[in-house]
Amino acid sequence: MSVQEEYQRRLGMWNKLNQESDPEHTSPETLNRLGFYGGAQGIWVDKKQTGYLTDEGEGIAVSLYHTVATYSDELSEDVLLYHYPHTNRPAARDVGEIKAAKAAGVLHIPVFVIIKPTRTSTRRRVKIGWIEGWDDSSELLLVSFQENAPSSLLTEPNDDEPFKLFDKSARPAALVPTRPQQQRFRFRVIQRYGACCPLCGLDIRDLLDAIHLTPKGKKGSDDPRNGLVLCTLHHRALDTGLFGINPNTLRIQYHKRGPDAAALRITVKDLNNLPRKPHSDALRWLWKEFEKTEASTS
């Protein structure tokens, strides 16, 4: 069987599932019988079916098992951020499954995301998707749910590529903000800067935010160069104007009458420790906002 034949086989599996059951509400037994997965492990690989299609014999991932109760904010109707598996099995097995997931991306083979909606759910949701990218430093896979395979794997933009600070197509801010592209933006920002707050060193992913320097409410673009990774404390402090980032020196600046670095638990003097920097246009926009708050408090 060739890669193209495996591609067609998976489309056939998807069609058969739709004929026999409701992908939004199906049983684990049905999924097992149809070959969607072979248990409750995170990444299911059918090595007998696909092992010979990859150079190292790791095969091509068939499905990814996702429990909403564990990572509720990393799944949308368009995208899933999937964490690399860390199990009690031999480490080589986890590594092999990650390679198999990457192989699905490289070969443009669809994968199935098996979703357990709650901890006590006996039924499963199933979505067909594509491995659009990955980041080994943050141990994340980006899975997109779309009709056709992405034309290429998602990588961060080269710093020499044209930069747009504003997205003119962005919708006006809603009363209840909805951010359908937030997971993809989060992935690209973490891919660029790493999963660590540069102001305090916190690297607990559940406490890290991917922020827009020019906010979506101001039509800021989703270019990762308009972003930064901050912990929840420093995200809130930046939003409220308690500190600024000088666009010329990247030095952290505080209000004369406001909390200082010690009070805000900021342990660095500037952001020159970042291997990649935000775009200067985004930093200048943010600096002007900080100067406005500084003027209002003086």
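The legends below accompany close-up views of a single-chain predicted model.

**View 1. The whole chain, with its helices and strands, in the predicted model.** The chain holds seven helices and 10 strands, and its C-alpha atoms fill a box of roughly 70 × 40 × 40 Å when taken along the principal axes. Of the 298 residues, 47% count as buried. Among contacts between residues at least 6 apart in sequence, 64% join residues at least 24 apart.

**View 2. Helix α5 and the strands that surround its buried residues.** Helix α5 covers residues 182–193, and at 1.5 Å a residue its 12 residues should span 16 Å, which agrees with the 16 Å that separates its end C-alpha atoms. Because 11 of these 12 residues are buried, α5 is largely enclosed by the rest of the structure. The buried set contains several arginines, namely R184, R186, R188 and R192, together with Q183, F185, F187, V189, I190, Q191 and Y193. These buried residues pack against β3, β5 (125–135), β6, β7 and β8. An α-helix has 3.6 residues a turn, so residues three or four places apart point the same way. Just after the helix, G194 takes a positive phi of about 95°.

**View 3. Strand β3 and its pairing with β6.** Strand β3, residues 79–83, is mostly covered, with five of its five residues buried. The burial extends to both faces of the strand, since V79, L81 and H83 are buried on one side and L80 and Y82 are buried on the other. Strand β6 (residues 140–144) pairs with β3 in the antiparallel sense over five bridges, and within this pairing the bridge partner of V79 is S144. Both β3 and β6 are also among the strands against which the buried residues of α5 pack.

**View 4. Strand β8 and its pairing with β7.** In strand β8, which runs over residues 227–231, five of the five residues are buried. Here too both faces are covered, with G227, V229 and C231 buried on one side and L228 and L230 buried on the other. Strand β7 (residues 208–212) pairs with β8 in the antiparallel sense over five bridges, and L228 of β8 is the bridge partner of I211. L228 also belongs to the largest nonpolar core, where it is one of the residues with the most contacts inside that core.

**View 5. The largest nonpolar core and a second core apart from it.** The largest nonpolar core has 38 residues, and those with the most contacts inside it are L199, L213, L228, F243, I245, I252 and L271. Its largest share, five residues, comes from α5. I252, leaving aside residues up to four places away in sequence, touches L199, F243, G244, I245, I266, V268, K269, D270 and L271. Apart from this core lies another, of 23 residues, which includes I60, Y84, A104 and I131.

**View 6. Aromatic rings and a charge placed over one of them.** A search of the whole structure finds five aromatic pairs, and ring pairs link W14, F36 and F112 into a cluster. At another site, the charged end of K127 sits over the ring of F145, 4.8 Å from the centre of that ring.

Technical notes:
Residues numbered from 1 in each chain as written. Predicted model: local features only at pLDDT ≥ 70, side-chain atom pairs only at ≥ 80, totals over all residues. Heavy atoms only, no water. Buried < 20%, exposed > 50% of the residue type's maximum accessible area, 1.4 Å probe, protein only. Helix = DSSP H or I, 4+ residues; strand = E, 2+ residues; numbered from the N terminus. Pairing = 2+ DSSP bridges. Phe/Tyr/Trp six-rings, centres within 6.5 Å; stacked < 30°, edge-to-face > 60°. Lys NZ or Arg CZ within 6 Å of the ring centre and 35° of its normal. Expected span 1.5 Å × (residues − 1). Contact = heavy atoms within 4.5 Å. Core = buried A, V, L, I, M, F, W, Y, C linked by side-chain atoms within 4.5 Å.
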